[in-house]
Every structure is written in structure tokens, then in C-alpha cells.
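Got the viewer open? Keep the sequence panel handy, and we'll go from stop to stop, selecting as we go.

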Amino acid sequence: MSSAEIDTYSAQDAPEFAAAQFVRWFREVAPYVHDFRGKTFVVAFGGELIEDEGLESLVADLSLLSALGVKLVLVHGSRPQVNEQLRLKGYTTQFGRGTEPTSPEALECAKEAAGEIRLDIEAAFSQGLPNTPMSHAKIRVISGNFVTARPVGVINGIDYRRAGTVRKLDIDAMHNVISQGAIVLLSPLGFSPTGEAFNLAMEDLATNAAVALRAEKLIFLTQNRTVTETDGSVDTELARKDADELLAQGVLDEDTSAFLGHASLAVKRGVARAHLVPYTLDGSILLEIFTHDGVGTMVVEDTLEDLRPAVADDVGAIVQLIEPLESDGTLVPRGRAVIERDVEKFTVLEHDGVIYGCVSVIPYLSDGMAEMACLIVHSEWQGAGDGEKLLRHAEATARAHGARRLFVLTTRTSHWFLKRGFVQGGVSDLPHEKRAHYNHSRNSLVFIKRL
């Protein structure tokens, strides 16, 4: 079924019984559910999220992730709450981004703010009213003295006093908590072996936790601090080296730069993926995790999208891509056995472990030609130029085989090929071997492109 045959809606606007859409969405997230079950995500957010009343919806989404088998570690910040405490007590000090000198008085405010936020988070996870996302949820949230800190000390003549950095984390204790299905909650405070408390930067704490836990993902929920393209659209995926180059240019605002810098550092130190996700979009953490492009900026060691030769393990995914087009007559039926036999002629397009495109190139070198077949991009991911990418790859592969011309047989997509430099030919233009097996009952059109 093509995407054009199904009405799509936003979560807010969808009819109550949009059954086809519900089933399609549920099936499409299945690969992600399988992939992430048992993996650890570190989710970090500042006190701004709580101030903007985003906690309840976030907790509902995190509860769903927990129910799907994702192991969660939450790291919260408290900057606006600490600043409000300081203001109410008559202090002029106000905290900005990053690590700043912390007086004993400011540390007390940080303790108060962290305590209040911790209780708010525990209360939110304790909800269970019927007909709400938290119905039947029984999730324990456990916090404690998991973080050993050390003082920042004196830097450039400035004494940072009670500001600290992470010295180590009690990973064994944290693993023990999450292995029992509970959520670890880390507040931006750490303690020294002598019992002193230190104020920590949320971003630094989250990064250290993700690295130490070998987390699959580090997710920063931000007010709207994603990396954007020149046209204003979100740059959904950045290789770490590209993120570092962008940071070196100094063109980002302070908050985005801070989050992106920690995301890059986390990936450099072994975290598989780090994300900057806008919490201002309802359900953003689910959209980022369970949709192809997501809604935020993801940093990876290298780009996740991969055009690679198909292997035997890909046959099932290729069959799933091909079957709908065979059913509606767009492609001639091949059967799984044929795909298995010819799998080495396929190239697949993969993103984050999900195969969503393929193409096959069959050489007929005695005639100086090659056939391009099964050029498919999943309907949900069309329109982003992936078909062009597969075409360019097929052309390059044909040239590498020594072919001078590339041909396709099609019954429904002639205009797509005409726009890309193919010209219509006839059956007589096909290689001798292909002519002998041409299916006249399908009456496929022949298009040829000189390479």
C-alpha cells in the first residue's frame, strides 16, 4: 500500500479510529523496538523543561520507553530554579551555562532546587490514573550518592569554590538498579570522599554517565537548540568531525554550542549516538527515536546512512521492499529464491540498522550493457534524494563492470527515468540474452542511458 493511499495526520489531529495509520506506524517502529530493547539511554534535561511544564508529557514518553525495554538514566539540571532561589534570598549571583564559581550560599540553593526537582520527578513517575499514558505503569525511580566529585579548584586565578566536576561514578550500583527495571535519577550534585557536596554542570554529568555506562544514546532535551541548515531546516545527522568543525567556526549560539560540544565529546569517547532534541515539540523524544529522520540533531562518529553491498542476512529486508511492488504489478515477481541467488548483485541503503532502499545491477558485458533493476526506496522515506543516490551508485557500478550503457525495464515509472537522462528504446535494443527472456505479456518499456 502506498503512502498516497493512507491519510496521515498529526498525533493531535488524527481521527480516533485511524486504524490503517495506527497499524502502519506500529509496524514501522518494530525494528527500532527490537534494536533498542535492553540498551541504555541517558536522557538529560535542564530545569527549563520543568519550568515550561514539560515534565508530565516527558515522563509519559519515558515510561513508554521503559515498558519497551529501554534502560533509562535521567540527569536533570536546575539552573532556573537555583537562580530563583538566589533571587528570593536576596543574592545577586545568577548562574549561566556551564561550570561557574559556586559560593556556599549558592550551593545551599542548588541543594534545595535539586531536592524539589527530584521529588517532582518521582511524583510524576508515580502517577497511574486510568485512561492516561501512565495507567498501569509501575516504575521505580532511584537516586542516591552515585557520583563522586572533586572540586574544580582555581583556574586562571579564579577560585571556583564549591563548583565540581565528576571524578567517578558508581557504575556497578547503577547497573544493578537499571537491571531491575528501575530508572536511575542523577541530580547535578556530587560528593567527595570527605563528605563535601559540589555543584555540577548537568551537561558534564550526563556526558560522563553516558560514557561510563557505554550508553547507546545520550539525549539532551533542549528548548530548541538543534543545528539547522541554511534554509532553516534541522540538520538531523552530523558526523562528529563535522560537528567539531562547526563548533570551531564559532557561529552557534552559546547554548547550542554547549550541547553540541558535549554530544561530540560523548561520541568521541564511545557513545554510539548523541542527540539534541527540542522538548518544545510534544513527543519529540519518541519522534527522534522511532522515526527515520527524527526531529533533532544526531551526532555520530560517522554518518549512519550507509550504501553497502547486500549480504545473505539482507534477503528478508529486500523481499519486504520488493513484495508490495510485485503485488501491484510494478515489478515482475521474483520470489525469495531468486533474491537469495542474486543477492551479490544488490546494494542496500541502510540507516540506523533499518534497510529502506535497494537496487540491483546485472551486467551483460558481451553487449557492453548493464541492467538496473529493483530500484526501490520505502514509501515513507521517498522525496529525500535517496532514489538519485541509488541511481548514481548503479551507474558507477555499471561503469566499473565496463558497461557503456545502462538500461531499465518499467511499466509505471517512465517519467522518473526520462527526467534523469534515459531515452526510450525498444526490445531490439536489449542485450541478446535479455531479449530471449523478455516477458511480452507485461509489455515493459525499455529505457537506456549512455554512461
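**Stop one: a strand with two partners**

Start with valine 43, whose bridge partner is leucine 74 in β2. Before you click on, remember that this is a predicted model, in which local features need pLDDT of at least 70, side-chain atom pairs count only at pLDDT 80 or more, and totals for chains, interfaces and linings use all residues. Numbering starts from 1 along each chain as its sequence is written, and side-chain values use heavy atoms, with hydrogens and water left out.

Now select β1 (residues 40-45) together with β2: the two run parallel and are joined by 6 bridges. Helices here are DSSP runs of H or I with at least four residues, strands are runs of E with at least two, and both are numbered from the N terminus. Two strands count as paired if DSSP finds at least two bridges between them.

Add β8 (residues 183-186), which pairs with β2 in the parallel sense over 3 bridges. Look for valine 75, which stands opposite leucine 186 of β8. How many of the 6 residues of β2 (residues 71-76) are buried? The count is 5, so the strand is largely enclosed by the rest of the structure. Buried means under 20% relative accessible area, exposed means over 50%, and partly exposed is in between, using a 1.4 Å probe and protein chains only.

**Stop two: an enclosed helix**

Next, select 202-212, which is helix α7: 9 of its 11 residues are buried, so the helix is largely enclosed by the rest of the structure. Among the buried ones are Met202, Glu203, Asn208 and Val211. Step just past the end of α7 to arginine 214, which takes a positive phi of about 55°.

**Stop three: some loops**

Jump to glutamate 100, in the loop between α4 (79-88) and α5 (104-125). Its relative accessible area is 24%, so glutamate 100 counts as partly exposed. Show its contacts (heavy atoms within 4.5 Å): leaving aside neighbours within four places in sequence, glutamate 100 touches Gln94, Phe95, Tyr160 and Ala163. Draw a C-alpha distance from glutamate 100 to aspartate 159 as well; they sit 59 residues apart along the chain, with 9.7 Å between those atoms.

Arginine 161 is your next pick, in the loop between β6 (158-159) and β7 (164-169). Arginine 161 has a positive phi of about 55° although it is not a glycine, and it is partly exposed at 44% relative accessible area.

For lysine 138, go to the loop between α5 and β3 (141-142). Is lysine 138 buried or exposed? At 80% relative accessibility, it counts as exposed. Its C-alpha is 8.7 Å from that of glutamine 127, a residue 11 places away in sequence.

**Stop four: the open sheet**

Now colour the 7 strands of an open sheet, in the order β15-β16-β17-β18-β19-β21-β20, with mixed pairing. β15 (306-309) and β20 (423-425) stand at the edges with a single partner strand each, so one side of each has no neighbour in the sheet. From one strand to the next, the twist averages 30°.

Zoom in on the β15 edge, where β15 pairs with β16 (residues 346-351) in the antiparallel sense over 4 bridges. Proline 309 has threonine 347 of β16 as its bridge partner.

Then switch on helix α11 (residues 315-327), which lies across β16, β17 (354-364) and β18 (369-377) and runs at about 80° to β17. Axes are lines fitted to C-alpha atoms, for helices over the stretch in contact, and angles run from 0 to 180 degrees between N-to-C directions.

One more residue in this part of the tour is asparagine 443, in the loop between α15 (432-436) and β21 (445-450). Asparagine 443 is not a glycine, yet has a positive phi of about 55°, and at 56% relative accessible area it is exposed.

**Last stop: zoom out**

Show the whole chain, with its 15 helices and 21 strands. The C-alpha trace spans about 90 × 55 × 40 Å along its principal axes. Of the 451 residues, 47% are buried. Take the contacts with a separation of 6 or more: residues 24 or more positions apart account for 69% of them.
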